[in-house]
Amino acid sequence: MKMNKLTIAIIISMLLGIVTGQGVRWLDPVQAATFASNITLLTDIFLRLIKMIIAPLVFTTLTVGIAKMGDSRTVGRVGIKTLAWFMMASLLSLTLGLVMVHLLTPGVGLYLTLPDGSATSGISAGAITLKDFITHAIPKSVVEAMATNEILQIVVFSLFFGLAAASIGDHAKPVVTVMASAADIMLKVTGYVMYFAPFAVFAAIAAMVAKEGLGILATYGTFMSQFYLSLGTLWLVLLGLGSLFLGRRVLTLLGLIREPVLLAFSTASSESAYPKTLQRLEEFGCSKRIASFVLPMGYSFNLDGSMMYCTFAVMFIAQAYGIELSWGQQITMLLLLMVTSKGMAGVPRASLVVIAATLNQFQIPEAGILLLLGIDHFLDMGRSATNVLGNAIAASVVSKSEGVLQEEGEAPLQDAA
């Protein structure tokens, strides 16, 4: 209900922004630029709130996700298989998003003006070298990394912290429990921050229409159709990969998870579909113990739709501002997103945090994220449904590899995990 109210508020704010921006443009075209500059104070506040939550959110969610993997031999074996699948699916999703955004070029031709603070920064061809990337990834102080929102350095520290907590076992449980509570709190804070989104949407749309005119709005419809075309391509790829292990049964799986997929789509949250997905996987013949292990990991480590959106959205914003990224920089961005996306939970609009952090790393104006904020809920619906599909296929493939996937017509197999 709260999400529905927020969605309605965002839609109303978007419509009011269009009317207000065009009204200012009609009444006083000369003052349209001044109006746009003043009203963006609201968007600046929202951007600062987003940056406020990046460091604690990534640190707590990623650390807890790693620490809860356990350290027994069986869990270790299943965990390695699961992570291997997640890494492959992540790389495919990110790469496909990069390929599709180059083929469709949704942001080319917008020629948006760079914000004043970024107008002279630019991005030189050698801004990020491999040596710089590797050395910059290692934090000399985690406090400094968090204070400056150095997302990659926070991820590196979180990896070490989470692995150490997992190796200690029961002795680390109190700390992991506290961090899990902190992660829940940060997700709640994220929800509070998103309540300010309608004001930011109103300001962003009003400023954009006042400066650029109504023609800019046609880009939204184009972007949505192109992104959903890209998601459809990703579905075909994931189903094709699943068929290599499951054969024609992948279509049976697709039919069984239809309800949780629709639930995730309608609520824009893959978490809402978790209980029904687990139930459908058991009906499909998956080991309950393996499905119960793979699905929770998938909410932090295997958000295929969200990861495709990250590369697609970052490159769209770069195209909109006319910023050229070299292939080396794009590969570096892909590798960065490969890691940073692993700390995001399957909740609505978590991708915005990853995208905001990535824009900052490559000197792309952070205000560009507001180009997508007004339609992000509609994009999130498709992303969430794709996340459910990807995690269901992952759980089925891991069960198959462990020899505990019940075939159609067979008696239930004893769990090996």
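This is a conversation about how several descriptive terms are earned in a predicted model.

Trainee: Why is R383 called buried?

Mentor: The relative accessible area of R383 is 0%, and since buried means under 20%, R383 is therefore placed in that class. D376, also at 0% relative accessibility, counts as buried, and D380, at 4%, counts as buried as well.

Trainee: What makes the contact of R383 with D376 a salt bridge?

Mentor: The closest N and O atoms of R383 and D376 are 3.4 Å apart, and because the rule asks for a side-chain nitrogen of Lys or Arg within 4 Å of a carboxyl oxygen of Asp or Glu, the pair qualifies as a salt bridge. R383 also meets the side chain of D380 in a salt bridge, with 3.2 Å from N to O, and R383 and D380 both lie in helix α18, which covers residues 376-401, at a separation of 3 residues, or about one turn of the helix.

Trainee: Which residues are joined into one network by salt bridges that share partners?

Mentor: That network is made of E259, K276, R280 and E283. Within it, R280 forms a salt bridge with E283, whose closest N and O atoms are 3.1 Å apart, and this distance falls within the 4 Å that the rule allows. Both residues belong to helix α12 and are 3 residues apart, about one turn of the helix. By this rule the model has 7 salt bridges.

Trainee: How do you know whether R280 and E283 are buried or partly exposed?

Mentor: R280 has 17% relative accessibility and counts as buried, because the class takes in values under 20%. E283 has 44% relative accessibility and counts as partly exposed, because that class lies between the limit of 20% and that of 50%, over which a residue is exposed.

Trainee: Which residues of helix α12 are buried, and why can they be said to lie on the same side?

Mentor: In helix α12, residues 274-284, the buried residues are T277, L278, R280, L281 and F284. They cover an arc of only 165 degrees around the axis, which puts them on the same side of α12. The residue that follows α12 is G285, whose phi is positive, near 115 degrees.

Trainee: What makes the pair of W85 and F245 edge-to-face?

Mentor: A pair of aromatic rings is described by the distance of the centres and the angle of the planes. For W85 and F245 the centres are 5.6 Å apart and the planes stand at 80 degrees; because rings pair when their centres lie within 6.5 Å, and planes over 60 degrees apart count as edge-to-face, both conditions are met by this pair. The pair links distant parts of the chain, with W85 in helix α3 (residues 73-104) and F245 in helix α9 (residues 218-246), 160 residues apart. W85 counts as buried at 6% relative accessibility, whereas F245, at 41%, is partly exposed.

Trainee: Why is the pair of F223 and F316 called tilted?

Mentor: The ring centres of F223 and F316 are 4.4 Å apart and their planes are at 50 degrees, so the pair is tilted: an angle under 30 degrees would count as stacked and one over 60 as edge-to-face. This pair too links distant parts of the chain, with F223 in helix α9 and F316 in helix α14 (residues 304-320), 93 residues apart, and both residues are buried. They belong to one aromatic cluster together with F227, Y228, Y309 and F312, and the model has 11 aromatic pairs by this rule.

Trainee: What makes L16 partly exposed, and which nonpolar surface patch does L16 help to make?

Mentor: The relative accessible area of L16 is 46%, so L16 is partly exposed, because this class lies between 20% and 50%. L16, in helix α1 (residues 2-27), makes a nonpolar surface patch of about 280 Å² with I8 and I12. L16 and F202 are 186 residues apart in sequence, yet 6.6 Å apart in space from C-alpha to C-alpha.

Trainee: Which residues does the UniProt annotation "transmembrane region" cover?

Mentor: According to the unreviewed UniProt entry, the annotation covers residues 45-70, 82-104, 151-169, 189-210, 222-246 and 306-323. In the model, the span 82-104 is 100% helix and 0% strand, with its end C-alpha atoms 32 Å apart, and the span 222-246 is likewise 100% helix and 0% strand, with its end C-alpha atoms 36 Å apart.

Terms used
Residues are numbered from 1 along each chain as its sequence is written. This is a predicted model: local features need pLDDT of at least 70, side-chain atom pairs count only at pLDDT 80 or more; totals for chains, interfaces and linings use all residues. Side-chain values use heavy atoms; hydrogens and water are left out. Buried means under 20% relative accessible area, exposed over 50%, partly exposed in between (1.4 Å probe, protein chains only). Helices (H or I, at least four residues) and strands (E, at least two) are DSSP runs, numbered from the N terminus. The arc is that of the directions from the helix axis to the C-beta atoms. UniProt positions are given in the numbering used here, feature names are shortened, and annotations may be inferred rather than shown by experiment. Patches are made of residues with over 30% relative accessible area and no salt bridge: like charges are joined within 9 Å, nonpolar side chains (Val, Leu, Ile, Met, Phe, Trp, Tyr) within 5 Å. Accessible areas come from the Shrake-Rupley method with a 1.4 Å probe; for residues, only the protein chains shown count as cover. Rings of Phe, Tyr and Trp (its six-membered ring) pair if their centres lie within 6.5 Å; planes under 30 degrees apart count as stacked, over 60 as edge-to-face and the rest as tilted.
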